[in-house]
Amino acid sequence: MNRMSFDDLAGKVCVLTGGAGVIGTALAKGLASMGIKTAIIDLNEENARNTAAAIEADSGTTTRGYKANVLDRSSLEEAKRLINSELGKIDLLINGAGGNSPKATTQLEQMGKENLVELEKTFYGLDIEAFQWVFDLNFKGTLLPTMVFTRDMLESGSGSVINISSMNSFKPLTKIPAYSAAKASINNFTQWLAVHLAKTGIRVNAVAPGFFLTKQNYFLMVDEKTSKPTPRGQKVLNNTPMGRYGEVDELQGAVAFLLSDMSRFITGVCIPVDGGYSAFGGV
Ligand code: NAD
């Protein structure tokens, strides 16, 4: 009988983009705990190196930080050269870099006849360049690193890619149309690439985090003065059947499962880690 474990992951090399961020750091800690040698890639080199050094000191697992821009192919190629010479061939990839822009966000949730004089607060006031920026960061910022970092997996005939999606990908949240559409494109791309690569031994899946309090959303969710939930934060909690935000280390299990041979017949799925949010109809 097979013994169930994540032991196959020990000694493998994983690239984690956006790895110095809140979720990336939690994922990197989880990878180190399983003995996975991790290359943390981030636009912010100092944060990447410091995060990696702290995780390596704590876990004893090789963890290194590299500067690269997920939107710049030559910087990704350069990072790959360094990773190959310092850590070895790449077995695993997590596309974690992503985010939203306030300029691609409407101030109002819905329009009514009374808003016709303040169109700048609605869909009609969205900044098209910011829209493009959000699309590029989330979609192209997943596409390009996948082109660059899965090349070693093609040669070895095995590998696992995880894209980081969002609740917005299933049903858009109000106010953030660019981020919602960009994350929906991640789910679609995950399925497309999973099919395209299925016979190469490379699996492609996604994880959709529910609501986690992070620096990107803290002040949308928590009133700075009272530390109580904002009306939007309260709506999120009311729509999360478990009645709380997630802790970022609660993403580690789904990621470990999708990286490991435990999921070797699974490709093209997106696993919500959301306290039941995506299952709940709101009533
Ligand atoms: P974060 O802002 O803490 O981390 C993002 C990291 O990506 C930062 O370290 C940043 O420097 C880096 N980065 C930004 N642009 C880059 C680029 N062009 N090239 C390389 N690195 C770049 O964000 P987070 O909250 O940890 O989110 C991580 C991922 O999870 C994102 O894809 C985000 O959309 C997604 N997500 C977050 C939440 C949440 O609740 N925070 C929910 C769902 C999905």
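**Ligand environment in the predicted model**

The ligand is surrounded by 26 residues, a residue being counted when one of its heavy atoms lies within 4 Å of the molecule, and the closest of these are Ile23, Asp42, Asn69, Tyr179 and Gln216. The structure is a predicted model, in which local features require pLDDT of at least 70 and side-chain atom pairs count only at pLDDT 80 or more, whereas totals for chains, interfaces and linings use all residues. Residues are numbered from 1 along each chain as its sequence is written, and side-chain values use heavy atoms, with hydrogens and water left out.

By class, the shell around the ligand comprises 12 nonpolar, 11 polar and three charged residues, with Gly placed among the polar residues. Helix H1 (22–33) and helix H6 (177–197) each contribute at least two residues to this shell, helices being DSSP runs (H or I) of at least four residues, numbered from the N terminus.

Polar contacts, taken as pairs of N or O atoms within 3.5 Å, involve both side-chain and backbone atoms. An N or O atom in the side chain of Asp42 lies 2.5 Å from an oxygen atom of the ligand, while a backbone N or O atom of Val22 is 2.9 Å from a ligand oxygen, and a polar backbone atom of Gly21 is 3.3 Å from an oxygen atom of the ligand. Of the 830 Å² of accessible area that the ligand has on its own, the protein covers 89%, as computed by the Shrake-Rupley method with a 1.4 Å probe.

The chain is assigned domain 1 (7–210 + 251–270) and domain 2 (216–245), the bounds coming from an automatic or database domain assignment, and the C-alpha centres of domain 1 and domain 2 are 25 Å apart.

Key:
Polar contact = N/O pair within 3.5 Å; in protein donor to acceptor, adjacent residues only side chain to side chain.
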